[in-house]
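Biologist: Let us go through this model and test the terms used for it. I will ask what each label rests on.

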Amino acid sequence: MKLSILFLIGIMLQSCTQPIKSQNLKAMEQSTTKNNPYYSRTDRTKLNVSNDEWKKILDPDLYAVAREAHTERPGTGKYNNFDGLGEYYCAVCGNHLFRSDAKFASTCGWPSFYEADKEGVIYKRDSSYGMERTEVLCKRCGSHLGHVFNDGPPPTGTRFCMNSVSLDFVPDAKSEAK
Ligand SMILES: [Zn+2]
């Protein structure tokens with residue numbers, strides 16, 4: 001009798017310690033990529049898709065940031081205080097943008113990186129809101145990602161200040177198998 005109770009408790013504990021984190025990440029990934037025929041993590045061919053078309057495909061939160069250059073509220077993004085090992089891709093098109101090695105703990109309230117994939121991003125002067133800033137866009141789909149500043153840590157001194165909603169994180173195979 002005692003043994004079977006212990007056995008039951010054992011089963012319950014086991015089901016509580018399943019790797020919920022990676023399951024959630026997979027679910028997040030599926031929700032952003034489903035019904036998006038342009039999403040690819042291997043094809044780097046430039047896309048020329050109208051906003052009318054993106055509006056039908058993207059979640060409203062992502063559309064507002066990526067296609068209308070909105071900014072998510074500081075401290076609210078899913079990758080702000082996140083330090084998983086892996087790669088960051090454009091949530092709109094799947095283009096590779098950042099490696100987790102270049103992410104650093106910034107107090108600004110948005111996920112920050114000191115280096116971007118040179119083939120992943122392009123830059124544009126942004127004079128909106130009475131400020132002189134440099135906007136960072138995805139090189140493949142032209143979506144707004146965030147801004148870049150020159151007050152970052154070594155070795156580059158650069159701070160890519162990104163919106164979490166614009167990023168898709170894919171954990172390294174090793175960390176996923178843990
Ligand atoms: Zn993109």
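Biologist: What makes β1 and β9 a pair?

Modeller: This is a predicted model, and in it 5 bridges join β1, residues 86-90, to β9. Pairing takes at least two bridges, so β1 and β9 qualify. The two strands run antiparallel.

Biologist: Which residues of β9 stand opposite Glu 87 and Tyr 88?

Modeller: Glu 87 stands opposite Val 170. Tyr 88 faces Phe 169 in β9.

Biologist: How do you know that β1 also pairs with β2?

Modeller: The count is 3 bridges, in the antiparallel sense. The cut-off is at least two, so β1 and β2 pair as well. One of the bridges links Tyr 89 with His 96 in β2.

Biologist: What lies between β1 and β2?

Modeller: They form a hairpin with 5 residues between them. Gly 94 sits in the turn, with a positive phi of about 90 degrees.

Biologist: What makes β2 and β9 edge strands?

Modeller: The order in this open sheet of 3 strands is β2-β1-β9. β2 (96-99) and β9 (167-171) each pair on one side only, and that makes them edges. Neighbouring strands here are turned by 30 degrees against each other on average, direction ignored.

Biologist: In what order do the strands of the 6-stranded sheet run?

Modeller: The order is β3-β4-β8-β7-β6-β5, in an open sheet with antiparallel pairing. Its edges are β3 (103-104) and β5 (121-126), each with pairing on one side only.

Biologist: What makes β5 and β6 a pair?

Modeller: They share 6 bridges, and at least two are needed, so the label holds. β6 covers residues 133-138. Asp 126 stands opposite Arg 133 in β6.

Biologist: How many helices and strands does the protein have?

Modeller: There are 5 helices and 9 strands. From the N terminus, the order is α-α-α-α-β-β-β-β-β-β-β-β-β-α.

Biologist: Why do the buried residues of α4 count as lining one face?

Modeller: Leu 62, Val 65 and Ala 66 are the buried residues of α4. Seen down the helix axis, they fall within an arc of 85 degrees, so they line one face. An α-helix has 3.6 residues a turn, so residues three or four places apart point the same way. On the other side of α4, Pro 60 and Glu 68 are exposed.

Biologist: What do the buried residues of α4 pack against, and what follows the helix?

Modeller: They pack against β7. Ala 69 follows α4, and its phi is positive, near 55 degrees.

Biologist: Which residues have the most contacts inside the largest nonpolar core?

Modeller: This core has 29 residues, and Leu 62, Cys 90, Val 92, Leu 97, Cys 138, Met 162 and Leu 167 have the most contacts inside it. Two or more residues come from each of α4 (60-68), β1, β2, β6, β8 (159-162) and β9. In soluble globular proteins, nonpolar side chains tend to be buried together.

Biologist: Which residues does Leu 62 touch?

Modeller: Leaving aside residues up to four places away in sequence, Leu 62 touches Ala 91, Val 92 and Val 165.

Biologist: Why is Ser 100 called partly exposed?

Modeller: Ser 100 has 19 C-beta neighbours inside 10 Å. Buried takes 20 or more and exposed takes 12 or fewer, so Ser 100 is partly exposed. Its place is in the loop between β2 and β3. Ser 100 touches Gly 84, Leu 85 and Gly 86, not counting residues up to four places away in sequence. The C-alpha atoms of Ser 100 and Gly 84 are separated by 7.1 Å, with their positions 16 residues apart along the chain.

Biologist: Why is Pro 155 called exposed?

Modeller: Pro 155 has 9 C-beta neighbours inside 10 Å. The limit for exposed is 12 or fewer, so the term fits. Pro 155 is in the loop between β7 (144-149) and β8. Tyr 114 is 41 residues away in sequence, yet 7.8 Å away in space, C-alpha to C-alpha.

Biologist: What is the mean pLDDT, and where is the pLDDT below 50?

Modeller: The mean is 86, and 79% of the residues reach 70 or more. Over residues 8-23 the pLDDT is below 50. Beyond near neighbours in sequence, that stretch has 2 contacts in the model.

How values were computed: Residues numbered from 1 in each chain as written. Predicted model: local features only at pLDDT ≥ 70, side-chain atom pairs only at ≥ 80, totals over all residues. Helix = DSSP H or I, 4+ residues; strand = E, 2+ residues; numbered from the N terminus. Axes fitted to C-alpha atoms, helices over the stretch in contact; angles between N-to-C directions. Core = buried A, V, L, I, M, F, W, Y, C linked by C-beta atoms within 7 Å. Contact = placed C-beta atoms within 7 Å. pLDDT = per-residue confidence, 0-100. Arc of directions from axis to C-beta.
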